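Please examine the sequence and the three-dimensional model shown here before reading on. The paragraphs below are meant to be read with both in view.

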Amino acid sequence: PRPARLFYGFHIVTACFFILFLCWGMVLNTFPIFVKPMTVDMNWGRGALSLALLMGSVGSALMAPIAGVLLDRIGARPIMTAGAVVVGLGLLAGSRISELWQLYIVFALIGGGLMCSTAIPCSLVISNWFTSRRGTAMGVAFSGTSVGGMVMAPIANWIILNWDWRTAFVVSGVTILVLATPLILLVIRTHPSEMGLEPYRLGEADDESDEETWGVTLKSALSRPVFWQISAIMFVIGLVTSGLGTHCVAYLTDLEHSPTSAAFAWSTVMGVMIVGILLSGPIADRWGAKNAMIIDCALFTLSILVLAWAQPYSVVLLFAVVYGLALGAPLVINPLLAGDYLGMKHFGAIFGVLNIMATVGAALGPVGAGIFFDTQKTYLPVFYFFAALMLATALLATLLKVIPERRAGFVREPV
């Protein structure tokens, strides 16, 4: 007899890992390394530079619902390919800018490209391929975001110190065009049925055989309190993580830690983030996405309070460990919440709209923190505000309730 072939869904997970490594980890998770070099080189304020992230979030927010609908209609491969090309070309264009407004346009395009090539399509594809162990599969794939940040943050810092930030942009753009685009074309398939296969399902999950066919419409979801609760959770997480993450390295250098030490701390965040992502999937599979989110928000609160006392480098590293554990989990838990409480049938459209809230939060966080620093020359009140928001979000997560249409057997959360 022929040996059993490896389930193709595992190839999907591997491909999504490397796509997220390249398009997310190498772009979004290395941006804190660029903040101070770019502001010094171009004589821009940190608030003004943070507006580039706002424009990136605007691009993401505008593209999110469009990408969600297109994913449901024509599939992931063409949408992800187009998105990766836009990101790569955007980085190359960004290396040539001379005015701030040019950077704003470039980042808006990159934001739209990232929305088409990373979180939404990867979540959709993995959810379609895995009925059992969905959280674990999502965790493995999304650990690519943190591995990318961990590997590329010190490399980006080295390129900036030895050449400049423009060269680092070029290296990133070329890498995405050369590696990510063909990987998407060769491996990504939206549904198992495209290859005559069924989703990955363990024996004990046979009662979930029609789970992937269940789900409320986007119009119906908009009338449900749970949709807006998940939206609020994603908004706050986007606000806090983007606001803190963008200014973290600059804040540490303001405390007279060297650029290399600050970059190493951020690389440590990315490294520990791998562990957080890999743990969050099994935790959600075992105890439910809601409980995983509550734990994660508590970790966020603790880590931000630690950062406020980060003059000793040992405290910086403690922050990096706790924050890293928390940072990656929402990448896994957010789509699980959407699928658990609103279903998979219209997942692309619903999760696309949910991501608008996350991108709006991600837009406001860096700009607000940057403007506050430019006027007050300190980040501390902002950090305390972020900690309070995360604590409130943990309490909000405890209030999530399953909608009546959801069969109890499909729900990860104990109700």
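The following explanation moves from helix packing to a charged pair, then to backbone torsions, the surface and some individual positions.

The model is a predicted one. A convenient starting point is helix α2, which spans residues 31-42 and packs against helix α7, residues 134-162. The angle between these two helices is about 20°, and their axes lie 9 Å apart. Helix α2 is therefore roughly parallel to α7, since angles under 35 degrees are placed in that class. The crossing of α2 past α7 is right-handed.

Helix α2 also packs against α10, here at an angle of about 55° and with the axes 7 Å apart. How is α2 oriented relative to α10: roughly parallel, roughly perpendicular or oblique? The angle makes α2 oblique to α10, because the roughly parallel class requires angles under 35 degrees and the roughly perpendicular class runs from 65 to 115. The crossing of α2 and α10 is right-handed.

These two helices are also joined through their side chains. How many salt bridges does a search of the whole structure find? The search finds one. The salt bridge is formed by the side chains of D254 and K36, with a distance of 3.4 Å from N to O. This pair links distant parts of the chain, as D254 belongs to helix α10 (residues 225-254) and K36 to helix α2, with the two positions 218 residues apart in the sequence. The contact qualifies as a salt bridge because the criterion asks for a side-chain nitrogen of Lys or Arg within 4 Å of a carboxyl oxygen of Asp or Glu. In general, side chains of opposite charge can pair when their charged atoms come close. Are the partners buried, partly exposed or exposed? D254 has a relative accessibility of 33% and so counts as partly exposed. K36, with a relative accessible area of 29%, is partly exposed as well.

Attention now turns to the backbone. Most residues other than glycine have a negative phi. Against this background, N43 has a positive phi, near 60°, although N43 is not a glycine. N43 is found in the loop between α2 and α3, the latter covering residues 46-74. With a relative accessible area of 70%, N43 is exposed, because the exposed class begins over 50%. E256 is another residue other than glycine with a positive phi, in this case near 75°. Its place is in the loop between α10 and α11, where α11 covers residues 259-287. E256 is exposed, with a relative accessible area of 75%.

The surface carries a nonpolar patch. Which residues make this patch of about 400 Å²? The contributors are V86, W101, I105 and L109. Helix α5, residues 100-117, gives the most to the patch, with three residues. W101 is located in helix α5, and its relative accessible area of 52% makes W101 exposed. That value lies over the 50% at which the exposed class begins, so W101 is assigned there.

Some individual positions complete the picture. V226 lies in helix α10, the helix that also holds D254. Is V226 buried or exposed? V226 has a relative accessible area of 3% and is therefore buried, as the buried class covers values under 20%. From V226 to L54 the sequence separation is 172 residues, and the C-alpha atoms are 27 Å apart.

F319 is situated in helix α13, residues 313-327. With a relative accessible area of 1%, F319 is buried. The C-alpha atoms of F319 and I110 are separated by 30 Å, and these positions lie 209 residues apart along the chain.

P182 lies in helix α8, residues 165-187. At 32% relative accessibility, P182 counts as partly exposed. A separation of 9.9 Å is found between the C-alpha atoms of P182 and A84, which are 98 residues apart along the chain.

How values were computed:
Residues numbered from 1 in each chain as written. Predicted model: local features only at pLDDT ≥ 70, side-chain atom pairs only at ≥ 80, totals over all residues. Heavy atoms only, no water. Patch = residues over 30% accessible without salt bridge, like charges linked within 9 Å, V, L, I, M, F, W, Y side chains within 5 Å. Areas by Shrake-Rupley, 256 points an atom, 1.4 Å probe, with all protein chains shown as cover. Helix = DSSP H or I, 4+ residues; strand = E, 2+ residues; numbered from the N terminus. Buried < 20%, exposed > 50% of the residue type's maximum accessible area, 1.4 Å probe, protein only. Axes fitted to C-alpha atoms, helices over the stretch in contact; angles between N-to-C directions. Parallel < 35°, antiparallel > 145°, perpendicular 65-115°, else oblique. Left-handed = near helix turned anticlockwise from the far one by under 90°.
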